Amino acid sequence: RICASRRTPSQPDPGGHGSCASCLRQRCRDLSLNDRMERPSTPSRFNQVVVLIASVRRQLGLHPCTALLLGLCFFLPALLLGTSSLKTPSLNRRGTAELFEISRRARLVQSFEADPAAPVPKLWQQRLGASEAPDRWARHGRGTWWLIWLDDGEPLLALPSAPHSSALDLLFADELHRSSFDQLPSLKRREPSALEQRCLRLLTSGSAVQWQPSGLASISGSLFPALASVSHGCLGVALRGDRLMAEGPVASSPFAALQVHHPERQANFVRFDPPSAYLELNSVSLQPLLGSLFNNSLFAQQLDSRYGLPKQLRDVLLKAPVLVRLDALEGGRFQAAIQARLMLAAGEIDMTKRSLDAVATALLKRGFQRVERPLLSPDGRPSNHVAVVWLDPQGHPQGGWSLGPALRGQVELLLALGDAPNLRSNPLKRMGQQQLRLRARPDQLARLGWLGPGWPRVVGKAPQLELEMTALPKQQQPGWLRLQLDVR
């Protein structure tokens, strides 16, 4: 074939094939020799690959276990590399450290787990723009994002930087907020305490909330004095069906100096029975509610000088087990009546009576009238015990008290405000390891004005809330709080 291809029309063969046959054969021999000189004597590279693959296949067929292990060695890294490119943005150790430094300045931090199927949050659209926000939201997947309230103004939106997980994208409401943040003095760098590390894990792994006193005060308003024992806190938040559940450490002082004491345990569902009162509380002591208020120097001075409640008696009251109940009133001067039942040691009754006499003197000077009425028992019938009731000039009961008989070395002190004291309702009981239990109707408390506009809307509209503390805050240890909110 090679020889035939060499022949051209300019080379005629007048004598047929004879005269040129020897010439063609010679030329073919020369070409064949040249081809052999130009080609290597070993197989080509392609042939080598084919032979190698065939050899490997034969060896793997003889050793199936080896084939499986080799397959895993190649497949798993490829799988991990593939999935890593699809992961949602998250923070590494350096990014978490940046979040910690910002949270040290913040009065309130909220973390959220994104849902790509949900609409783009309005705040994302405001900070990123209507064109960029949907794409960023889709790429964010189910990653975590944060709202951080600094000293004042609108919260800043914090997102993991898409190309660098070691950084945060801080999106401020305007340039003034950004400039104010940039001009803040640097904080002394330090490692987070064990309790702060626990909070960081909550804030970087899902929905959570962390607050400091100024943040809680901005939310709770006039209720803040009763919440001072939990003025620092960090709760993990989860929505399970029609319940919002939250759990975590709380304290009256910064977490940096506190020790982790309470173990992490998942909260169990509680039964939501229709509450008969706006609020019911059962606590091993009054300290969590009124501790900071009684210890406030200005307030304590007024209690001592005007109502004869010296520090010794205040300390006795704060340590006493207490039941509190808030009921609605259909008519009269008040919309609701609050009643507290405290168990005091029998040896403290004389001091308590002297203080009650001092309060009585102050009320008489203000124009109130003192009467004594039988204390109503749980079945509504008068009991053998007497209650002191204070009436306004129109004859409406404004409050009162009652001291029960000594039983097993204890005496029950019953205090009422807004109505006459009574024992008509069964008290809320603590269960298991509960040190404090509270059951409330937030929607009705909001109607009374007890829950101001600063509370989240989901709280203010909830028909029922159940809260427990299995450990109360101490000087060097945090308390542990759990709550469940009906969000139907």
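Okay, let's start with the overall picture: the protein chain has 488 residues, and 39% of them count as buried. Keep in mind that this is a predicted model. The chain contains 16 helices and 17 strands. As for contacts, if you take those between residues at least 6 apart in sequence, 61% of them join residues at least 24 apart.

Let me go to the helix packing, and I'll begin with helix 13, residues 311–319. Its partner here is helix 14, residues 349–365, and the two axes are 10 Å apart at an angle of about 115°. So we can call helix 13 roughly perpendicular to helix 14. The crossing of helix 13 past helix 14 is left-handed.

Which residues meet there? From helix 13 you have Gln312, Leu313 and Val316, and from helix 14 you have Met351, Thr352 and Ser355. Sorted by class, the contact of helix 13 with helix 14 comes out as three nonpolar and three polar residues, with no charged ones.

Staying on helix 13, its buried residues are Leu313, Arg314, Val316, Leu317 and Leu318. Yes, there's an arginine in that list: Arg314. And what covers the buried residues of helix 13? The cover includes helix 11 (287–295), helix 12 (297–307), strand 10 (336–345), helix 14 and strand 14 (410–417).

Now step back a little along the chain to Leu309, in the loop between helix 12 and helix 13. Leu309 has 17% relative accessibility, so this loop residue counts as buried. Setting aside neighbours within four places in sequence, Leu309 touches Leu303, Asp304, Arg314 and Ser355. Two of those names have come up already: Arg314 is on the buried list for helix 13, and Ser355 is in the contact between helix 13 and helix 14. There's also Val359, 50 residues from Leu309 along the chain, with 8.6 Å between the C-alpha atoms of the two.

Next, another helix pair. Helix 5 (residues 93–105) and helix 9 (residues 194–205) have axes that come within 11 Å and cross at roughly 110°. Helix 5 and helix 9 are therefore roughly perpendicular to each other as well. On the helix 5 side the contact uses Thr96, Leu99 and Phe100, and on the helix 9 side Glu196, Leu200 and Thr204. The breakdown for this contact of helix 5 with helix 9 is three nonpolar, two polar and one charged.

Last topic: the aromatics. How many aromatic pairs are there? The count is five. One of them is Trp124 with Trp145, an edge-to-face pair with 5.6 Å centre to centre and 90° between the planes. That pair links distant parts of the chain, with Trp124 in helix 6 (residues 122–128) and Trp145 in strand 2 (residues 144–149), 21 residues apart. Both Trp124 and Trp145 are buried.

Then there's Trp390 with Trp401: ring centres 5.9 Å apart and planes at 50°, so this pair is tilted. Here too the pair links distant parts of the chain, Trp390 in strand 12 (residues 382–391) and Trp401 in strand 13 (residues 397–403), eleven residues apart. Trp390 is buried at a relative accessible area of 3%, and Trp401, at 11% relative accessibility, also counts as buried.

One more thing to look for on the screen: ring pairs join Phe112, Trp124, Trp137 and Trp145 into a cluster.

Note on methods
Residues are numbered from 1 along each chain as its sequence is written. This is a predicted model: local features need pLDDT of at least 70, side-chain atom pairs count only at pLDDT 80 or more; totals for chains, interfaces and linings use all residues. Side-chain values use heavy atoms; hydrogens and water are left out. Rings of Phe, Tyr and Trp (its six-membered ring) pair if their centres lie within 6.5 Å; planes under 30 degrees apart count as stacked, over 60 as edge-to-face and the rest as tilted. Helices (H or I, at least four residues) and strands (E, at least two) are DSSP runs, numbered from the N terminus. Buried means under 20% relative accessible area, exposed over 50%, partly exposed in between (1.4 Å probe, protein chains only). Axes are lines fitted to C-alpha atoms, for helices over the stretch in contact, and angles run from 0 to 180 degrees between N-to-C directions. Angles under 35 degrees count as roughly parallel, over 145 as roughly antiparallel, 65 to 115 as roughly perpendicular and the rest as oblique. A crossing is left-handed if the near helix is turned anticlockwise from the far one by less than a right angle, and right-handed if clockwise. Contact means heavy atoms within 4.5 Å. Ala, Val, Leu, Ile, Met, Phe, Trp, Tyr, Cys and Pro count as nonpolar, Asp, Glu, Lys and Arg as charged, and the others, Gly among them, as polar.
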